[in-house]
Amino acid sequence: MKKLSHFFRDYFGNLLKAFVNIIIFLPYFFSVSHLLKTLFDPWKNIVFTKKNDSFSLSEDFDLLFANLTSRVIGFIARFSLIIFYLILNIILVLIFPIIFLLFFILSPFFLFLNLLTQTEEEKKAIAKKIFLENHLLEEQNRSAVEEWFEDFYQNITLKRRWWELKNLFQYPPLGRHLSLGYTNFLENYADEFTDPSYLNSRLPVYDREQELQEIELVLARSMEPNVILVGEEGVGKHAVIDSLATRIFLGHCHPQLAYRRVFRLNMEKILSQSDDYQKKIGLLEEIFIQSIEAKNIILVIDNFENYCSSQPDKINLSSIFEKYAKRNDLQFIAITEPFPYQKVIYPNEKINQLFTKIVINEVDPNTALKILLNLAFNFESQYRVFIPYEVIKLIVEKAQNFITDIPFPEKSLVLLDEICATAKKQNLKKIPLSLVDAVLTKKTHIPTTLTEEIKKRLLTLENRLFEKIIGQDEAIKEVASTLKKSFVLYSQRKKPLASFLFLGPTGVGKTETAKSLADIFFGSEKYLLRFDMSLYQSKNDIPKLIGDIITGNPGLLTKAIREHPFGVLLLDELEKADHDLINIFLTVTDEGYFYDGFGRKVDCKNLIIIATSNAGSGYLFKLINEKNDLINQENLQPVMINYLIANKLFTAEFLNRFDGIIVYQPLNHLIIKKIVQQKIDQIAEELLKTYQIKINVSESFIDQLVKEGYHPEFGARQMDRIIREKLENRLADWILKNKIKNEMIVNLD
C-alpha cells in the first residue's frame, strides 16, 4: 500500500511539477524580458551614420530609411519570437488537461510496471554497493566514500529528472542570438569563450564562487568595469574565465552581464600584422570600436604586462587601453602573474586605476581533493577506468610534495590525467595505489615512497661512506643518522630532505662527503649541484644565482634546481657569500623554497643541502691542541657554534635551521697516510685494469709522500698535488717512453 501511494504521489506530482517548471522556464528560454527591453533596437545593432557633415536631403533620407529598416527588422524578429512564446504558452495550457487525462488512463499500466521493478531505495542500495566495490580500497575511508556516493547519486538522479528547473536552465536562452551585434572583424583576431563548441570542451570549475562574484560585480559597474586577474601560472585563472563565460552563456550571472559575449584577443596576431606602430594601434582601435558597436563584448587579454611595459623588447599600449577602458560600453579582463603585476602594472597609474585587481589564489589541498572528486567521473568516462577514493587522495598528497613547479589544482589534475592514461594503456579496470608512485616517479625522476632500494641504501650508507671518507667517523655517523630520520619521516617534512653545515679546515673531507652522498645515495655525482659561494660576495652577484627579470637571466642556482630537483646541493665556503644571499638560504633551510628573480617559487624539498665553511678553523686547531679531551663531535659542536655566533660569523637564527652541524676534525699523520694509501690503491687498480701493469709501493715511499705533502692547515688537499707530481707524472712518463709495458711489475721505494 505504501509503494502504491508513493507511486501516485510521484507519478502525478512529477507531471504537475513538470508543467509548472516549464511555464517558469519558458520566459527565460525565449528571453521575453530582454526582447521587450530591446524590442525597437536595430537589427544586430547596425546603425548607419553620416561620413561627412555636409547637408544632403537625399543622403539624410536614405540614412533615415536605412536605420528605420534596421529597427523594423529587429522589431519583427523579436516580436515574432515573443508571439511564438505566447502561442506556445496557450497551447501548453490548453493541452495540459488532455495530457493529465492521458496520464490518468495510462496510470494502471505504469503502476503495473512500477510494481515489477525495484523501488528507488533498492536501486540506490545496488548502485551504492557497486560504487563502493569500485571506489573503496580501505575500510577506514568508507564514510568518506559513502559521502562521495551520495553527491554522485544525487547528481545522477537530478540529471534523469529533466523537468527539474536546474536541468531546464542548462539550456541557453533562444533570444540570445537576437541581441548579438556583428563581430566579423573581431572574430578574425579573437576566440569566443561563450561559443558552445568551446564551452563543451572544457571541464567544469568548482570552488571559485567568491572570485566569480567579485568579477561579475566589477564588470556590472557603470564606471571602469574592468578587472585584472592576478595569480601564479597554473592556479586556474583561465578556468575562472571559462566558468564566467559558461554562467553568462546560460544566463546564470549578474543581470547586467546577461547576453554578453566573452572574447580572448590574440594580441600576437594583431601586433604581427604590421611593423608600423601606428598601424598596430589603428588595427587595435578598429577591433575595440566594433566591440563597442556590438554593445555586448567582454575582451580578455592574456599576459597583460607585455602590452603596457616600457621595456625595450615590449610594446607599450597603455594609452589606447586607457582610452577604451574608461568607457562603460566595453569591458576588459586582463590576466597576469603577481611579479609582473607588481613590477609593471601597479606602477603604471594610467592602467592600475582602471583595472580592479582580483587575486586568484592557489586552492588548498582539501579543496583540490573536492575538485578531483567532482571531476573524477569525467576522467572515468573518458578513460573507461575506475578511480578509487584512496587513489585521488594519494594524488593530492603526492602532488603537493613532489610537483613543485605548478600550483593546485592544475598539478593534481595533470597527474590524475597521466595516471588514467597509463591505466588505460595497461588495460587496467581499476587504478591501483602503486600506479600513483610509478607515474609520479617517472614524471619527476624522484622516488616518491620509501622503496626497498632506498631502505637498502640508507642501511648501508654509513659503511659505504666510511669506505670513501677516512678519519671522520663521528661526522659520518651523524650525517648517516640524520639522513635516515629524514627519509623515514619523508612525507611529514616541509623542509629539504636534510640540511647540514660542515665545519672544519680545508681538505678534511667536507666536499668529499657531499660528492660521496650524491654518488652513493643518488647513483651518480651528476646529482651534485655545486656552487662556490666565494664568487657571490656582493649584492650585485645575487641575480646571477636566482635570476633577473630585466636581463631575462633565469639564474644559475634556479636553473640547476629546476633541472635536478632531487639530489645534493653543495654550497662551498658559505661564510664568504653576501649577507642577503645567506638570508635566502635561511628561508630554504626553514621553509624548503625560495623565490627567484621572476617572483616564482623554487622548491627545494627534495634536496639534501650541504653548506661548507672554513670559518673558525684556526680556533678549532687551537682548541684541539689545548684540550685533548675535546675530541668528539658531542663536545666540539656546541663550542664551535658558540664561537661562530660570538664572532658574528653566522647568526644563531641561521645555525638553528640546519638539521645537523657537523665538525670535521683536522687530519693527523696516521689518517693522512691511510688516505695516501687509498689514493695509491685507486691508481694501481686503474693501471692494472688498463695496462695490466702492477705497482708495488713501499711504506717508506708513502712516508716520504706524507712528509713532503702534509700540512695540518691544508689537510689532504696538498697530498693530491704531491701524489700527482711524485707518482702519477712519473708513471705516465714511463708508460709513454716504454720504460714499463704491459704485464710488468713496478716497485716504488
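Trainee: How many bridges join strand β8 to β9, and in which sense do the two strands run?

Mentor: The model is a predicted one. Strand β8 covers residues 528–532 and runs parallel to β9. One of the pairs places Asp 532 opposite Asp 572 in β9. The number of bridges that join β8 to β9 in this parallel arrangement is 5.

Trainee: With which residue of β12 does Leu 569 stand opposite?

Mentor: Strand β12 spans residues 607–613 and pairs with β9 in the parallel sense, over 5 bridges. Within this pairing, Leu 570 has Ile 610 as its bridge partner. The residue opposite Leu 569 is Ile 609.

Trainee: Is strand β9 largely enclosed or open, and how many of its residues are buried?

Mentor: Strand β9 comprises residues 567–572. A residue counts as buried when its relative accessible area is under 20%. Every one of the residues of β9 meets this criterion, so the strand is largely enclosed by the rest of the structure; the count is 6 of the 6.

Trainee: Which strands form the edges of the open sheet?

Mentor: The sheet holds 5 strands, paired in parallel, in the order β8-β9-β12-β7-β13. An edge strand pairs on one side only, and this applies to β8 and to β13, residues 660–663. Neighbouring strands are turned against each other by 20° on average, direction ignored. The edges are therefore β8 and β13.

Trainee: At what angle to β9 does helix α22 run?

Mentor: Helix α22, residues 510–522, lies across β7 (498–503), β8, β9 and β12. Helix α24, residues 556–563, also packs on the sheet, where it touches β8, β9 and β12. The direction of α24 makes about 170° with that of β8. For α22, the angle to β9 is about 170°.

Trainee: At which residue does helix α31 bend?

Mentor: Helix α31 runs from residue 717 to 736 and has 20 residues. From its first C-alpha to its last it reaches 28 Å, close to the 28 Å expected at 1.5 Å a residue. The helix nevertheless bends, by about 40°, and the residue concerned is Arg 724.

Trainee: What covers the buried residues of α31?

Mentor: The buried residues of this helix are Met 719, Ile 722, Ile 723, Leu 727, Leu 731 and Ile 735. After the helix comes Asn 738, whose phi is positive, near 60°. The elements that cover the buried residues include α29 (669–691), β14 (694–697), α30 (699–709) and β15 (745–748).

Trainee: Which peptide bond is cis, with omega near 0°?

Mentor: One of its two residues, Pro 409, lies in the loop between α17 (389–402) and α18 (410–425). The cis bond runs from Phe 408 to Pro 409.

Trainee: Is Asn 427 buried or exposed?

Mentor: Asn 427 is found in the loop between α18 and α19 (433–444). Its phi is positive, about 60°, although the residue is not a glycine. A residue is exposed when its relative accessibility is over 50%. At 65%, Asn 427 therefore counts as exposed.

Trainee: What is the phi of Lys 295 near?

Mentor: Lys 295 is placed in the loop between α12 (277–294) and β4 (297–301). The residue is other than glycine, yet its phi is positive, near 70°.

Methods. Residues are numbered from 1 along each chain as its sequence is written. This is a predicted model: local features need pLDDT of at least 70, side-chain atom pairs count only at pLDDT 80 or more; totals for chains, interfaces and linings use all residues. Side-chain values use heavy atoms; hydrogens and water are left out. Buried means under 20% relative accessible area, exposed over 50%, partly exposed in between (1.4 Å probe, protein chains only). Helices (H or I, at least four residues) and strands (E, at least two) are DSSP runs, numbered from the N terminus. Two strands pair if DSSP finds at least two bridges between them. The expected span of a helix is 1.5 Å times one less than its number of residues. The bend at a residue is the angle between axes fitted to the seven residues ending there and the seven starting there. Contact means heavy atoms within 4.5 Å. Axes are lines fitted to C-alpha atoms, for helices over the stretch in contact, and angles run from 0 to 180 degrees between N-to-C directions.
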